[in-house]
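Please find below a colleague's note on the structure shown, set out as numbered points for a reader at the bench.

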Amino acid sequence: MALLEARQVSKHFGGLVAVDTVDFVIEQGMIASLIGPNGAGKTTFFNCITGFYRPEKGAILFDGEDLVGLRTDHITARGIARTFQNIRLFANMTALENVMVGQHTRMKAGLLGAIVRDGATLAEEKRVTKRARELLEFVGLKGRENELAKNLAYGSQRRLEVARALATDPKLLLLDEPTAGMNPQENAEMVGFIRRLRDELKLTILLIEHHMKVVMTISDRVTVLDFGEKIAEGTPAQVQKNPRVREAYLGKEYGEITA
């Protein structure tokens, strides 16, 4: 069952075609990867899904409803969350506060409630704080609730960003290079962590990832972009054997030899 379906999605920046009539489907419960050389259009495609960019052409259906033209916060409220290639935490807020912010789209208290501090507002604040602590424990940051985000180690910041995304209560989680800057042991731990997100929280996950061992280990399906065009799609084994994929990564001469 398709959770997200992109149909003929295109995004241009002036004369540059960043995403070129891409069709893409991710099914519920799947871990899928989007790969390709630098500049292939992967993050642009993510930005089209999450509302940062509006495609010039095509439809992006989530739970059967088109997302194109919706604001980013409305897309988040529908059940799509993401992390970023360059970590974007509130550096001078604590880990707990960062995760509490992530629950904003699910909160009902308004400005008046924040001022008068009525019973409903206080109860919601207590619930939000409890949920934030639970998510920090889930991602391995129990006991670090009061540390400023900027003082956490790089790997912990990555996990904190995931916790903040989880706080939005998503159905689909988009991870943009979750293992960037990590060593092999951290990569292996992240693979296990992503599997836990799918298996324990019942999330569907789409990731951009340059580390091919991670991609081939964790993915149910791999989609390959090159110069904005989808050039291959299939299981990790199928994609590894595809001459166009090898050409995109290693050059035309290598692609012709392997073909």
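**Note on the predicted model**

1. Strand S9 (residues 221-226) and strand S10 (residues 229-234) are paired antiparallel through five bridges. Within this pairing, Thr223 is placed opposite Glu233 of S10. The two strands make a hairpin with two residues between them, and Phe227 in the turn has a positive phi of about 50°. It should be kept in mind throughout that this is a predicted model.

2. The hairpin belongs to an open sheet of six strands, whose order is S6-S7-S8-S3-S9-S10 and whose pairing is mixed. S6 and S10 are the edge strands and have a single partner strand each, so one side of each has no neighbour in the sheet. From one strand to the next, the twist averages 20°.

3. The mixed sheet also contains a parallel pair: strand S7 (residues 172-176) and strand S8 (residues 204-208) are joined by five bridges. Here Leu172 stands opposite Thr204 in S8. Helix H6 packs on this sheet, where H6 touches S6 and S7, and the direction of H6 makes about 155° with that of S7.

4. A second open sheet has four strands in the order S2-S1-S4-S5, with antiparallel pairing. Its edges are formed by strand S2 (16-27) and strand S5 (65-66), each of which pairs on one side only. Strand S1 (residues 2-13) and strand S4 (residues 57-62) run antiparallel and are joined by five bridges; in S4, Ala59 is the bridge partner of Arg7. Helix H1 (residues 42-50) lies across S1, S2 and S4 and runs at about 115° to S1.

5. Aromatic contacts deserve a separate point. Four aromatic pairs are found when the whole structure is searched. One of them is formed by Phe52 and Phe84: the ring centres are 5.9 Å apart and the planes stand at 90°, so the pair is edge-to-face. Phe52 belongs to the loop between H1 and S4, whereas Phe84 belongs to the loop between strand S6 (80-82) and helix H3 (95-102); the pair therefore ties together parts that are 32 residues apart in sequence.

6. Phe84 also appears at the largest pocket, which holds about 490 Å³ of space. Which residues lie nearest the centre of this pocket? Of the 20 lining residues, they are Thr76, Arg82, Phe84, Arg164 and Thr168. At least two lining residues come from each of helix H2 (72-78), S6, H3 and H6, and H2 supplies the largest share, with four. By class, the lining of the largest pocket comprises eight nonpolar, seven polar and five charged residues.

7. Enclosed space should be considered apart from the pocket. The structure has one cavity of 30 Å³ or more, and the volume of the largest cavity is about 40 Å³. The residues that line the largest cavity are Thr83, Arg158, Glu161, Val162, Leu175, Pro178 and Met190. Helix H6 (residues 154-166) contributes the most to this lining, with three residues. Four nonpolar, one polar and two charged residues make up the lining of the largest cavity.

8. Helix H6 thus recurs in several of the points above. H6 packs on the six-stranded sheet by touching S6 and S7, supplies at least two residues to the lining of the largest pocket, and gives the most to the lining of the largest cavity.

Methods:
Residues are numbered from 1 along each chain as its sequence is written. This is a predicted model: local features need pLDDT of at least 70, side-chain atom pairs count only at pLDDT 80 or more; totals for chains, interfaces and linings use all residues. Side-chain values use heavy atoms; hydrogens and water are left out. Two strands pair if DSSP finds at least two bridges between them. Contact means heavy atoms within 4.5 Å. Axes are lines fitted to C-alpha atoms, for helices over the stretch in contact, and angles run from 0 to 180 degrees between N-to-C directions. On a 1 Å grid over the protein atoms alone, a cavity is a set of points where a 1.4 Å probe fits but cannot get out, and a pocket is an open set with protein on both sides within 12 Å along at least five of seven lines; lining residues have an atom within 4 Å of a point. Grid points are joined across faces, edges and corners, and a volume is the space filled by probe spheres set on the points. Ala, Val, Leu, Ile, Met, Phe, Trp, Tyr, Cys and Pro count as nonpolar, Asp, Glu, Lys and Arg as charged, and the others, Gly among them, as polar. Rings of Phe, Tyr and Trp (its six-membered ring) pair if their centres lie within 6.5 Å; planes under 30 degrees apart count as stacked, over 60 as edge-to-face and the rest as tilted.
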